[in-house]
Number of protein chains: 2
Amino acid sequence: MKKENEQQRKIRVFFVEDYLLIRKSLVHILNKAPDIEVIKDFVSAEQCLKELETTQVDIVIMDLGLPGINGLEATQKITKLYPEIKVIILTSHENENEVLAAMSMGAKAYCLKEIESETLYTVIRQIQKGALWIHPQVADFASKTMPKPNSTNFDNLYTQAKDFDLTEREKEVLKLVVEGKSNTEIAEEIVISTHTAKAHVGNILAKLSVTDRVQAAVKAVRSGLI
Amino acid sequence: MKKENEQQRKIRVFFVEDYLLIRKSLVHILNKAPDIEVIKDFVSAEQCLKELETTQVDIVIMDLGLPGINGLEATQKITKLYPEIKVIILTSHENENEVLAAMSMGAKAYCLKEIESETLYTVIRQIQKGALWIHPQVADFASKTMPKPNSTNFDNLYTQAKDFDLTEREKEVLKLVVEGKSNTEIAEEIVISTHTAKAHVGNILAKLSVTDRVQAAVKAVRSGLI
DNA sequence: ATAAAATATAGCCATTTGGCTAGTGTTAAA
DNA sequence: TTTAACACTAGCCAAATGGCTATATTTTAT
C-alpha cells in the first residue's frame, strides 16, 4: 500500500546546531541516508522556528546548548505549535535532568553525539514511525521517572527535575552549602538556629539522593541548579 | 622545486575527538580536501599517543575536553616528544585560559568549531608550512598575553590557569573528593592510610586556597579541573 | 475545615573533618 | 652531592557533620 509514499518520499528534516563545522558535517552525514533529507539547517532555534511557519518537515533535530532560545525551550515551542513534528535531541549532554527535561518538553528522542551514524538513521526512521528513543547511556534515569505518558504529570518534570523538589528555603541553604559554608555559618547568614540549618541540609541531602554536602554541592553545580 | 613532494604528498593528519558521530563526520569533511589525509582518528589522546610511536604524521588535530588525558596535556606531550608534529586545537571552548594554555603547551593553531571547512583546510595548509593560527573570535585575548615567544614565561600559564599546581596524586584525590568520598573511602580506594588521605586533602585545600572540601569540590568542577 | 507541606527548634551520638606537628623513603633537579 | 619536592604515615584535638527522633508554628492545598 502506498508504495511510493512510504518508500520514496524522504523524511524531511530540519537541523539546528550552532557550530558551523559540526552542522555542515552532520548535514552531510545525514544526507548520505537515501531516505533522509535535510531540507535546511540552522544556527539558532529562532531561525528554525521562523522557517517552520512556512516549511513542512517531519523531524527537527536539535542541539541543546544553543545561543538565544535554547534547545529545550525550542522543543517545547515546536511540539506545542506543530504537534505532528517530531523533535530529536542530538547533544553531548549526559545530564540526567536534561534528558528528563527534553522528553517532558515533548522531544521524541534523545541522542548523544556518541551515536553511530547508522544508528542515527535508524532512530530517525523509528521516530518517523512514532517511536520514542533514548540513548542507552542515559536511558536508565529516564525510565525511572517516566511512568505516565499523560501530559499533565509531564509538565512538572522539568521543574521537578531541575529543582529536586527543593523548597525556597532549601535552595537558599543549598546555595550557601555550595559556597562551602558550615552549618553554623549558614545559620548566622539566614538567621536561624544551627539545628534548623542542619535539618535543612539533611533534607537537601535526602532530596538530592546524596549522603554528604560535597555531593550535594557538586550535584547542584553540575545540574546548573546553583 | 620538488613539485611532486609539495603538491602530491598529502598532509598526514591524526584526529582526536571523543564523540563518534562528530569524529566520523569531521574525518569525512577533512578527507574531502585533496591534499589532506586523515590517517587515523582516535577517541582518546592516549590512543593517539600510542599510535604516534609507530606512525609518522604531520599534524594532530585535537579536541579539548577529552576523557582521560585531556587535550592540553596531550598537546604538551606531543610537542615535547615529537617537536616536528604540529598540533591543531579544534574545540568549542572560547575560554581565554584554554587558548593561552593550549598555545603555551605548544599548539600551533586554535580553531573554534565555528570554523568553515574551507578555512580549516587553509589553516591546516598554513600550519603545515609552519604558521601559527588563532581563531579570530579568541585572538584578541591571546595577542594580549602572548608577547614573548620564549617558553619560560609561557609554561606557567597552564598551571596557573587550570592546575593550581596540584600533583598527580592530589588530582587523583581531588577527583574522589568531588565524588563525595570521605577520607577513609579515599584511603581505601587508592590504598593509602587515612592519614595520607587527610594530608593530601589538606594540601589540596591549601593549593586551591579554600578552607573545606566542599569549596574544593565546587572550585574543581567550576574550573573544569574535574 | 482538615490534612499536608514547609519552616523552625532541640538534643543525642558516632564519625568525620581540618589544622598541627613530626617523621620516613623516593625521586628529580641544582 | 645536596637540596627540594613528592608520597606516605602518625597522633592529637576542637569543631563540624549527618543520622535520628521529637515538637511546634505557619502556610498552603483540598
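Here is a quick tour of a chain contact, a salt bridge and a helix pair. This is a predicted model, where local features need pLDDT of at least 70, side-chain atom pairs count only at pLDDT 80 or more, and totals for chains, interfaces and linings use all residues. Residues are numbered from 1 along each chain as its sequence is written, chains are lettered from A in the order in which they are written, and side-chain values use heavy atoms, with hydrogens and water left out.

**Where the chains meet**
- Chain A and chain B each put 31 residues into the contact (heavy atoms within 4.5 Å).
- Together they bury about 2700 Å², with 69% of it on carbon and sulfur atoms (buried area is the accessible area, with a 1.4 Å probe, lost when two parts are put together, summed over both).
- Y19(B), L21(B) and V214(B) supply 24% of what chain B buries against chain A, more than any other three residues.

**Salt bridges**
- Over all chains there are 24 salt bridges (a side-chain nitrogen of Lys or Arg within 4 Å of a carboxyl oxygen of Asp or Glu), but zero across the interface of chain B and chain A.
- R9(B) and D58(B) form a salt bridge at 3.1 Å, N to O.
- That pair links distant parts of the chain, 49 residues apart.

**A helix pair**
- In α9(B), R169(B), E172(B), V173(B), L176(B) and V177(B) meet I186(B), E189(B) and I190(B) in α10(B).
- The residues of this contact divide into five nonpolar, no polar and three charged (Ala, Val, Leu, Ile, Met, Phe, Trp, Tyr, Cys and Pro count as nonpolar, Asp, Glu, Lys and Arg as charged, the others as polar).

Key
Helix = DSSP H or I, 4+ residues; strand = E, 2+ residues; numbered from the N terminus.
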